[in-house]
Amino acid sequence: MSDEPVDDREVEGPTEPREGPDGRQPAAADGATPSLETDGEGVVGDRHSPEPTYPDSDDDIGGISTPPDDEEMPLADHIEEMVLRLAVVLLFGAGGTAIGLLWASDAITQIWFSVFPSGGNAPPPHLYNPLELWLTRIKLSSLLGIMVALPAFVYECYLFMRPGLYPNERKYYLAAVPTSVVLAAGGMLFSYVLVLPILFEYFTYYAEGSAEIAYALGETFNLIITLTGFLAIVFQIPLFIMLAIMMGVTTRRWLAQKRLYFWAAFAGLSFMFTIDPTMMAPILVAVTMILLFEGTLLVLKWVGRE
């Protein structure tokens with residue numbers, strides 16, 4: 001056996017790292033991170049951990065997100081803004097009505113001799129109460145006021161809802177608004193040029209040889225205004241169908257399969273809102289609604305939208 005002294009380091013093995021005065025392990029000489037004491041589940045010690053991060057309020061959290069311009073406002077501020085915007089719409093409507101009153105009598109004469117097919121030989125209007133002429137002028141002027149206020153109403157609604165709309169919803173709204181106004185004007189023109197002359201031609205033919213009709217000014221214009229306004233709404237059918245398909249609510253194929261149900265609904269609505277004992281006006285309106293519905297489906301099929 002050799003009598004050479006044995007180095008203690010070879011016998012004792014690796015030396016445990018010593019703790020510093022503050023209880024922490026000193027850094028290694030070569031800059032490496034020293035081993036950390038663990039309890040089997042995680043690091044035990046006063047090691048700095050990063051601050052927890054929280055999602056932004058505008059991020060998608062659990063499937064719920066907010067529009068980029070959405071801001072929290074008190075309910076009183078919302079109500080005040082809504083009242084101010086409605087006041088602007090009423091101002092436009094009142095201005096249109098006031099302008100309409102200036103030419104209401106000329107408009108009554110023009111419309112009366114346009115809707116009757118006999119032209120200059122149209123039956124004269126009859127008044128059955130002293131305020132009938134003035135009430136008719138106000139009704140006709142109010143129709144002009146509504147036409148003037150409609151674009152202002154749509155625009156003010158957009159400004160009121162804009163902070164709560166997503167970019168794609170704003171795009172759909174801005175595309176639908178002018179389309180809706182154009183379709184409403186088309187429906188009113190359709191009523192004035194085609195539906196009303198056919199309707200009064202039928203009334204004249206219906207009573208010919210049996211009695212002489214005395215058309216009351218007020219009742220006749222009630223029918224004219226009601227039918228014109230209803231057709232302005234009816235002409236929104238293509239827009240409603242297009243928006244429903246673009247937003248994924250329905251498909252063209254499903255609408256085509258359920259067309260008979262829609263035809264029945266159109267007939268029911270026309271007979272409900274178009275008051276005419278002869279049933280001619282409801283039939284014309286129902287046929288118009290069905291043609292608009294089928295025409296929209298035909299256009300969608302032609303462009304390949306299923």
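At what angle do the axes of helix H4 (residues 132-161) and helix H6 (residues 217-234) cross, and within what distance do they come? In this predicted model, the two axes cross at roughly 15° and come within 9 Å. Because angles under 35 degrees count as roughly parallel, H4 is roughly parallel to H6. The crossing in which H4 passes H6 is left-handed. On the side of H4, the contact is made by Glu132, Leu133, Thr136, Lys139 and Leu140. On the side of H6, the residues are Leu217, Gly218, Glu219, Phe221, Asn222 and Ile225. Sorted by class, the residues of this contact comprise five nonpolar, three polar and three charged.

Helix H6 also packs with helix H10 (residues 280-302). Here the axes are 11 Å apart, and the angle is about 15°. This angle also falls under the limit of 35 degrees, and H6 and H10 are therefore roughly parallel to each other. H6 passes H10 in a right-handed crossing, whereas the crossing of H4 with H6 is left-handed. From H6, the residues Leu227, Phe230, Leu231 and Val234 take part in the contact. Their counterparts in H10 are Val285, Thr288, Met289 and Leu292. This contact has seven nonpolar residues and one polar residue, with no charged residues. In the contact of H4 with H6, by comparison, three residues are charged.

The overall architecture can be described next. The secondary structure of the protein consists of ten helices and zero strands. Read from the N terminus, the order of elements is α-α-α-α-α-α-α-α-α-α. Of the 306 residues in the protein, 27% are buried. Among contacts with a separation of 6 or more, 73% are accounted for by residues 24 or more positions apart.

Aromatic side chains provide a further view of the model. The count of aromatic pairs comes to eleven. One of these pairs is formed by Trp254 and Phe262, whose arrangement is edge-to-face. Their ring centres are 6.2 Å apart, with 85° between the planes. Trp254 has a relative accessibility of 41% and counts as partly exposed. Phe262 is likewise partly exposed, with a relative accessible area of 24%.

Phe262 also pairs with Phe293. The centres of these two rings are 5.0 Å apart and their planes lie at 25°, so the pair is stacked. The pair links distant parts of the chain, since Phe262 belongs to helix H9 (residues 259-273) and Phe293 to helix H10, 31 residues apart. Phe293 has a relative accessible area of 2%. Because buried means under 20% relative accessible area, Phe293 is classed as buried, while Phe262 is partly exposed. Elsewhere in the model, Trp112, Phe116, Phe200, Tyr215 and Phe221 form one aromatic cluster. Among the members of this cluster, Phe221 also takes part in the contact of H6 with H4.

Helix H10 further contains Leu291. At 58% relative accessibility, Leu291 counts as exposed, in contrast to Phe293, which is buried. Leu291 is 28 residues from Trp263 in sequence, and the two are 9.8 Å apart in space, C-alpha to C-alpha. Helix H10 thus appears in several parts of this description, including its contact with H6 and the stacked pair of Phe262 and Phe293.

Note on methods: Residues are numbered from 1 along each chain as its sequence is written. This is a predicted model: local features need pLDDT of at least 70, side-chain atom pairs count only at pLDDT 80 or more; totals for chains, interfaces and linings use all residues. Side-chain values use heavy atoms; hydrogens and water are left out. Axes are lines fitted to C-alpha atoms, for helices over the stretch in contact, and angles run from 0 to 180 degrees between N-to-C directions. Helices (H or I, at least four residues) and strands (E, at least two) are DSSP runs, numbered from the N terminus. Angles under 35 degrees count as roughly parallel, over 145 as roughly antiparallel, 65 to 115 as roughly perpendicular and the rest as oblique. A crossing is left-handed if the near helix is turned anticlockwise from the far one by less than a right angle, and right-handed if clockwise. Contact means heavy atoms within 4.5 Å. Ala, Val, Leu, Ile, Met, Phe, Trp, Tyr, Cys and Pro count as nonpolar, Asp, Glu, Lys and Arg as charged, and the others, Gly among them, as polar. Rings of Phe, Tyr and Trp (its six-membered ring) pair if their centres lie within 6.5 Å; planes under 30 degrees apart count as stacked, over 60 as edge-to-face and the rest as tilted. Buried means under 20% relative accessible area, exposed over 50%, partly exposed in between (1.4 Å probe, protein chains only).
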